[in-house]
Structures are given as C-alpha cells and as structure tokens.
Amino acid sequence: MNRTEDFFELMDVVYAAIEKAQAYDAKPRTYGTDDLLYMTEAHLIDKIGRQPHCTITEIAKSTRKTKGAISQTVEKLVSKKLLQKMTDPKDNRRNILELTETGRIVFKTHREKDEIAFKRFLSRLDDHSVEEIISAKEIIGKIFKIELSGR
C-alpha cells in the first residue's frame, strides 16, 4: 500500500464509525429517569453539568454548534424539566442554564455510562501506546478541522 491508499482506508474507517455513531444517536435512551433522551440531549446535559451557570452562547461556542440548535435542545430539556433557564443576576439580558434535580440524575447516570463505555473502548487499545492515541486524536482533528482542547 501507499500513503494515499492507507489514507483512503482510514477515511473508510472514519465514515463507518460515523455511521455507527449516527445509528446509536438515533435511538432514545433513559439515564436514571423515565425520560427518553436522544444523545444530543444527553450530551447537552453533560456539557451543562460540567459547566454550570453557562449560557446558550457559551455552549454553542464550546460544542461548535449554532445558537439556534442549542436553543432548540435547551427548550426540549426545559419542557422535560431537566434544565432551567434563569436570568443572570449580574446581567439581566442573559439567561444562565442550570440542571434541575432530575437533570442532575441524568447527568450523573450519563457520566457513569460513558465511563463504563470508554473503559471498554480503551481496553481494545491495550496494544497501542499513549503516543499513538494522541496521534490518532490529532490526525482526526486535522482532517475535520476540529480545534482540540483538554477535557
């Protein structure tokens, strides 16, 4: 093989992974409550749980999504009583996002499920070094022009 053929094979693997992720994302699940949530909703709850008192603008920027997309998901989560929007006491023109008590249950359960899944995925890489994992992250980030930051 050569560099171009190897790269094309890498892209085949990336696209197959994207298809698997999309299929997984399309099925709603529960996370410690009776609420059925799509992955987009669970990930937004996770983001807000890790970044309390944030705004829609801040979440949109950190997730590389539009404010409109985030706003739509926020409204769904507010209607499910998993999230609340409150006026920022420092600036009444801004709304800050906070998880409700039920939202915190979803956050905690989602984090636990992610930890289990990520450990399972990581165990599949036992024969790869940390440097190889970092390299894979950097390569995929460059292909898709994703600014990588620490968790």
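Helices here are DSSP runs of H or I at least four residues long, numbered from the N terminus. With that in hand, Leu44 is easy to place: this residue lies in helix H2. One thing to keep in mind as you look around is that this is a predicted model. Below is a quick tour of Leu44, helix H5, a pair of rings and a nonpolar patch.

**Leu44 and its surroundings**

- Leu44 has 5% relative accessibility, so this residue counts as buried, the cut-off being under 20%.
- Setting aside neighbours within four places in sequence, you'll find Leu44 in contact with Ile59, Ile70, Thr73, Val74 and Leu77.
- Ile134 is a different story: Leu44 and Ile134 sit 90 residues apart in sequence, and their C-alpha atoms are 25 Å apart in space.

**Helix H5**

- Helix H5 takes in residues 101–123, which makes 23 residues.
- At 1.5 Å a residue, H5 should span 33 Å, and the C-alpha atoms at its ends are indeed 33 Å apart, so the two figures agree.
- Which residues of H5 are buried? They are Gly103, Val106, Phe107, Thr109, His110, Asp114 and Ala117.
- What do those buried residues pack against? Their partners are helix H2 (39–50), where Leu44 lies, and strand E2 (91–99).

**A pair of rings on H5**

- The model has one aromatic pair.
- That pair is Phe118 and Phe121, with ring centres 6.3 Å apart and planes at 40°, so the pair counts as tilted.
- Phe118 and Phe121 are three residues apart in helix H5, which means that about one helical turn separates them.
- Phe118 has a relative accessible area of 43%, so this residue is partly exposed.
- Phe121 is partly exposed too, because its relative accessible area is 36%.

**A nonpolar patch on the surface**

- Now for the outside: Tyr15, Ile18, Ile139, Ile140, Phe144, Ile146 and Leu148 form a nonpolar patch on the surface.
- Together, these patch residues have about 570 Å² of accessible area.
- Where does the patch come from? Helix H1 (3–25) and helix H6 (130–143) each supply at least two of its residues.
- Ile146, one of the patch residues, is found in the segment after H6.
- Ile146 comes in at 32% relative accessibility, so this residue counts as partly exposed.

Technical notes: Residues are numbered from 1 along each chain as its sequence is written. This is a predicted model: local features need pLDDT of at least 70, side-chain atom pairs count only at pLDDT 80 or more; totals for chains, interfaces and linings use all residues. Side-chain values use heavy atoms; hydrogens and water are left out. Patches are made of residues with over 30% relative accessible area and no salt bridge: like charges are joined within 9 Å, nonpolar side chains (Val, Leu, Ile, Met, Phe, Trp, Tyr) within 5 Å. Accessible areas come from the Shrake-Rupley method with a 1.4 Å probe; for residues, only the protein chains shown count as cover. A salt bridge is a side-chain nitrogen of Lys or Arg within 4 Å of a carboxyl oxygen of Asp or Glu. Buried means under 20% relative accessible area, exposed over 50%, partly exposed in between (1.4 Å probe, protein chains only). The expected span of a helix is 1.5 Å times one less than its number of residues. Contact means heavy atoms within 4.5 Å. Rings of Phe, Tyr and Trp (its six-membered ring) pair if their centres lie within 6.5 Å; planes under 30 degrees apart count as stacked, over 60 as edge-to-face and the rest as tilted.
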